[in-house]
Structure formats: structure tokens, C-alpha cells
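Trainee: Hey, got a minute? I'd like to go through this chain with you.

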Amino acid sequence: LVRQQPLILPDWESDDLPPPPPDAPLILVVDDEPINLHILRHLLQPCGYRILPSSDGHDALAKLAQEPVDLILLDVMMPTLSGFDVCRRLRQQHPKDKLPVLLLTALNQPKDIEEGFNAGANDYLVKPFAFAELLARVRTLLRRGASTMVESQFQAADLFVDLVSRK
């Protein structure tokens, strides 16, 4: 089956979805295929997540340096800088317990999965995936990140201690 007409997608910033709350978790979605960015936005934004799109690894690292995010959904097979390489680079400044990374990829061989975890990914999901599974993994990774922040702070009466900064 060959498509005669190109697939036309609405603009990324189209008003076809209700906006998420301004304090909703921000997810950096990195994929070189516009259709994948479009699909992930339309799956996750209605669930109350803010989506920051990125079309390649270099752009993703630049965006991450400018704006903190709560989670990264990262494709592996991208030109110039693979998702594995992006993950390795971001782990130099962002530990696994502070910034979760979920690799989304068609690579399904054990050696690829092992490389993903060795690169610093928190989780790995093979495309095509079931939306319910993606959502469960996103929620779990975001909860883990939130619980890490809670565990790093302690408050008793009028005394507040941030265990990370030791103040």
C-alpha cells in the first residue's frame, strides 16, 4: 500500500488540544520524526502534561540547558546524535534520580536494551507501544522523581532542612 498524498499534520502549536495547567509536569519529547512528536503530544497533553518538542539530540540538550524538565522521552535512532549519546551526555550533569529518561525506540534486541540502560536510561519502551503502558511508565517515572525531591527535604516544626544543599 503506497500513500499517494503526503500526510498533513496540524501545526505543532495548533489549538486543537486544551492547554494543560501551567504547573503541570513538563516532558521533553525528542524524536526526529514529526509524526511521532505529533502523536506523543496528542496522547500526553490531554492527560495533563506540558510537552516541549525537540527534533534532534543537539536541540534537546540545548533546550534542557535553558529550561528544566520533569521527564525526557527520547528516541534512540536519530541523525547526528543518537538517543544513547544524548542520554550519556545529559547524565554528566543530571543524575538518574533527578531527571528520569524513558527511551522510546524500535530497537528491541537485548543488546540495544542493555546499551540503553548502560547509557543512563531509567526505562526503555519498544515502539510500537500501547498507550496505557506508556502512560503508566510516564506516571511512575514522574512519581519517582517527585518522591526523590520529597525525600531530600526534611521539616520539623519551624526547622526546615534541605538535605541536598545542606541548608
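Trainee: Is Thr80 buried or exposed?
Mentor: Exposed, with a relative accessible area of 69%. Keep in mind that this is a predicted model.

Trainee: Where does Thr80 sit in the chain?
Mentor: In the loop between β3 and α3. Its backbone stands out too: Thr80 isn't a glycine, yet it has a positive phi of about 65°. Most residues other than glycine have a negative phi.

Trainee: OK, what about peptide bonds? Which residues does a cis one join?
Mentor: Lys127 and Pro128, with omega at about -10°. Most peptide bonds are trans. You'll find Pro128 in the loop between β5 (123-126) and α5 (131-151).

Trainee: Let me zoom out. How many helices and strands does the chain have?
Mentor: Five helices and seven strands. Starting at the N terminus, the order is β-α-β-α-β-α-β-α-β-α-β-β.

Trainee: And what share of the residues is buried?
Mentor: 39% of the 167 residues count as buried. As for the outside, the chain exposes about 10,000 Å², and carbon and sulfur atoms supply 56% of that.

Trainee: Back to helices. Which residues of α3 are buried?
Mentor: Gly83, Phe84, Val86, Cys87, Leu90 and Arg91. Looking down the axis of α3, you'd see these buried residues fall within an arc of 160°, so they line one face of the helix.

Trainee: What do they pack against?
Mentor: The buried residues of α3 pack against α2, β3, β4, α4 (110-119) and β5.

Trainee: Now the inside. How many residues are in the largest nonpolar core?
Mentor: It has 22, and Val69, Ile72, Leu74 and Leu103 have the most contacts inside it. At least two core residues each come from β1 (26-30), α2 (57-66), β3 (71-75), α3 (83-91) and β4 (101-105). The largest share is from α3, with four residues. In soluble globular proteins, nonpolar side chains tend to be buried together.

Trainee: What does Leu103 touch, leaving out residues up to four places away in sequence?
Mentor: Leu103 touches Leu74, Val76, Gly83, Phe84, Gly116, Ala121, Asp123, Tyr124 and Leu125. Apart from the largest core lies another one, of 17 residues, and Leu125 is among them, along with Leu37, Leu40 and Leu71.

Trainee: Last one: what share of the contacts joins residues at least 24 apart?
Mentor: 61%, counting contacts between residues at least 6 apart in sequence.

How values were computed: Residues are numbered from 1 along each chain as its sequence is written. This is a predicted model: local features need pLDDT of at least 70, side-chain atom pairs count only at pLDDT 80 or more; totals for chains, interfaces and linings use all residues. Side-chain values use heavy atoms; hydrogens and water are left out. Buried means under 20% relative accessible area, exposed over 50%, partly exposed in between (1.4 Å probe, protein chains only). Contact means heavy atoms within 4.5 Å. Accessible areas come from the Shrake-Rupley method with a 1.4 Å probe; for residues, only the protein chains shown count as cover. A nonpolar core is a set of buried Ala, Val, Leu, Ile, Met, Phe, Trp, Tyr and Cys residues joined through side-chain atoms within 4.5 Å. The arc is that of the directions from the helix axis to the C-beta atoms.
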